[in-house]
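Hi,

Here is the structure I promised to pass on. Have a look at it first, and then read my notes underneath.

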Amino acid sequence: MMEMPKPGPEQRKLEQLAGIWKCEEKMYPSQWDPKGGMATGHVRSHLAAGGFVVTGDYEQERDGKKTFQGHSVFSYDAQEKCYLLHWWDSMGMPAEVFRGNFEGANLVLISKNPMGHFRMTHEFPAPGKHRSKMEISQDGVTWNPMFESLATRVD
């Protein structure tokens, strides 16, 4: 019987995304949220597929109501030598695919679609803390914030 492959150092970097998280979020005014404001997020992420991916389920609450949901799958593509984030959400669009790499300790992923360029940055400032931000750009050069989130691990 053949021995199954094991996750390498690239996949192991994704392990820091796994866990149950509570997020304090600042939503900036945008075409999807003209007023912006504060929100609370909840993420449940875990290792899957033998440790080769991290899957997550996200829910956002504002004023005591669920306002947004999403599902993520983070992986590493050894052929392209980049990290991938496949993202589905309650907006009903097809999966969004982000590509990128670690820049120092930060995972920076970019996607482009007909609505513009999107940049998602994940920072890990301390054990049990995870900071993320999403930025949008029409030209891929000038970026405007969509949201910032500070997550605290609760499990």
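Below is what turned up, going from the whole chain to some of its aromatic rings.

Keep in mind that this is a predicted model. The protein has one helix and ten strands. Starting at the N terminus, the helix comes before the strands, in the order α-β-β-β-β-β-β-β-β-β-β.

As for overall dimensions, the C-alpha trace spans about 60 × 35 × 30 Å along its principal axes. The radius of gyration is 16 Å, which agrees with the value near 15 Å for a compact globule of 155 residues. Of those 155 residues, 41% count as buried. The accessible surface comes to about 9,400 Å², and carbon and sulfur atoms hold 56% of that. If you take contacts between residues at least 6 apart in sequence, 31% of them join residues at least 24 apart.

Now for the rings. Searching the whole structure gave four aromatic pairs. One of them is Tyr58 with Phe68: the ring centres are 6.2 Å apart and the planes sit at 65°, so this pair is edge-to-face. Tyr58 belongs to strand β3 (residues 53-62) and Phe68 to strand β4 (residues 65-77), so the pair ties together parts that are ten residues apart in sequence. Is Tyr58 buried or exposed? Its relative accessibility is 14%, so Tyr58 counts as buried. Trp87 joins Tyr58 and Phe68 in one aromatic cluster.

One last thing to look for is a charge over a ring: Lys13 lies over the face of Phe102, 4.7 Å from the ring centre.

Cheers

Terms used:
Residues numbered from 1 in each chain as written. Predicted model: local features only at pLDDT ≥ 70, side-chain atom pairs only at ≥ 80, totals over all residues. Heavy atoms only, no water. Phe/Tyr/Trp six-rings, centres within 6.5 Å; stacked < 30°, edge-to-face > 60°. Helix = DSSP H or I, 4+ residues; strand = E, 2+ residues; numbered from the N terminus. Buried < 20%, exposed > 50% of the residue type's maximum accessible area, 1.4 Å probe, protein only. Lys NZ or Arg CZ within 6 Å of the ring centre and 35° of its normal. Rg over C-alpha atoms; globule rule 2.2 N^0.38 Å. Contact = heavy atoms within 4.5 Å. Areas by Shrake-Rupley, 256 points an atom, 1.4 Å probe, with all protein chains shown as cover.
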